[in-house]
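Student: Could we go through this model and ask what backs up each label? I'd like to see the reasoning, not just the words.

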Amino acid sequence: VQALAPVVPPYVAQARLVRELYPEDVAVVYVSPCYARKDEVFDPELNGAVDAAIDFSELKSMIEAAGAAGPGSLRAASQRGARRPAPIKELSLTDGFPRDVLSSRTAIDTDVVVMRGLQAVDAVLYSIEHGESAPVLVDMLMCEGCIDGPAVNPGMSVAAKRNIDAAERVGRARSVVSSRDLLRHLPDVDLVRSFKPRPVRVPVPDDAEIDRILAEGGFASRDEAIDCGACGYRTCVEHAVAIHQANSTWEVCLPLQRSLLAGRVEQLEENRTLDELTGLWNRRVFAERLVDEVARFDRYETPVSLLMVDIDRFVAFAESHGEDAADELLVAVAKHLHAHVRVCDLPARYGTDRFAVILPGMGKTGAFAVGEKLRAGIAALAPQVMTDGYTQRVAVTASVGVASAGPAVADAAALIEAADGALYQAKGSGRDQVRLA
């Protein structure tokens, strides 16, 4: 801090000059491509020289919002301004040292160093700190180069900015009045400032905080830390400290991300086999299991039966009570099916309001009894629904079709077709009943 040149920024000097030349109630707004000026203008050391700082993007938005000018008139105004004579800029470069200082030095001089860009600035400060160099003057900007002007939009390269600036200078008239001559006719303004140290306070976590951060990364204790170094830190504890200081996140921890990915893959696999709404097996799992059970019947003559369960008048129920109530009904029926079949059975959601139940090792008599039990249980559900602001129970029934594998039903497709046929018979005969194929 003691090495910083105690001089105000050029725009502050010009703002103070403006206040000397114009009435006291003048307002000074600084328009700059540098966004950092927004905070700098409120530095107490600058004594309120500038009332506000905005960038060129904000200025353009304000002009357009006020309806004062469209893009065409803005362009015309900029062309008129370009024809105004400008004083010869012979004292200094933009935000730099006097020209004669720089012109009298070569690239190999070590007493005056000019640096542009964050990496270059970091390198020269590192060299000074480690005794590799000891320049008398260092002219440094964190950006790669400062070229003022309304066309210098954020995100543009330095080369593009320089091209715009060079093209603008071609058409601009040059005054014969030098900057040195102008200074003799201008009042003196205060150019001195001071700087105060503002040490960076780096938070240091205690052991309990480190353990908590490690737990967020999946490590129950420090003994489980693997210290793989993939995050760029030697140990997981060092990484936890960096996370506490907001210098890193668990997103760069490769083992953790692999674990999260494995969990996500497992979840996706589970979702691939289960119906999202009801939690029953989905139609793909049902089809694969039915093929296996029919194949077992063909080879070992092990009985297998199939139930097709369809909620009666489901579409009308959904239209009367809403989609949410319809979903709740499907979930209730699914829970009932899952709770009243054997562990070896496979209840699945086959369609929107249709369920299927595979009954391995069970012939048509037993399957008919299971179908009847499920039908009666669904009729007893009587779910509560909201109608016209009141909660009431609604009677719900289901029709069931039953089919068993046999000589005339020798494959999975035939078994499904037979059970479907029995189901349509049950619905056509008045619903709320079980029919055997």
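**Labels and their reasons**

Tutor: Sure, and keep in mind that this is a predicted model. Let's begin with Arg375 and Glu372, whose side chains meet in a salt bridge, 2.5 Å from N to O.

Student: What makes the pair Arg375 and Glu372 a salt bridge?

Tutor: The cut-off is 4 Å between a side-chain nitrogen of Lys or Arg and a carboxyl oxygen of Asp or Glu. Arg375 and Glu372 come to 2.5 Å, so the label applies. The two sit three residues apart in helix α15 (residues 364-379), so about one helical turn separates them.

Student: How do you know whether Arg375 is buried or exposed?

Tutor: Buried means under 20% relative accessible area. Arg375 has 14%, so it counts as buried. Glu372 has 30%, so it is partly exposed.

Student: And why is Arg184 called exposed?

Tutor: Exposed means over 50%, and Arg184 has 62% relative accessibility, so it qualifies. Its salt bridge partner is Asp181, at 2.3 Å from N to O; Asp181 is partly exposed at 29%.

Student: Now the helices. Why are α12 and α16 called roughly perpendicular?

Tutor: The axes of α12 (residues 283-300) and α16 (residues 412-428) cross at roughly 110° and come within 9 Å. Roughly perpendicular covers 65 to 115 degrees, so α12 and α16 fit that label.

Student: Which residues make the contact?

Tutor: Phe286, Leu290, Val291 and Val294 from α12, with Ala412, Leu415 and Ile416 from α16. They divide into seven nonpolar, no polar and no charged.

Conventions. Residues numbered from 1 in each chain as written. Predicted model: local features only at pLDDT ≥ 70, side-chain atom pairs only at ≥ 80, totals over all residues. Heavy atoms only, no water. Axes fitted to C-alpha atoms, helices over the stretch in contact; angles between N-to-C directions. Helix = DSSP H or I, 4+ residues; strand = E, 2+ residues; numbered from the N terminus. Parallel < 35°, antiparallel > 145°, perpendicular 65-115°, else oblique. Contact = heavy atoms within 4.5 Å. Nonpolar A, V, L, I, M, F, W, Y, C, P; charged D, E, K, R; others polar. Buried < 20%, exposed > 50% of the residue type's maximum accessible area, 1.4 Å probe, protein only.
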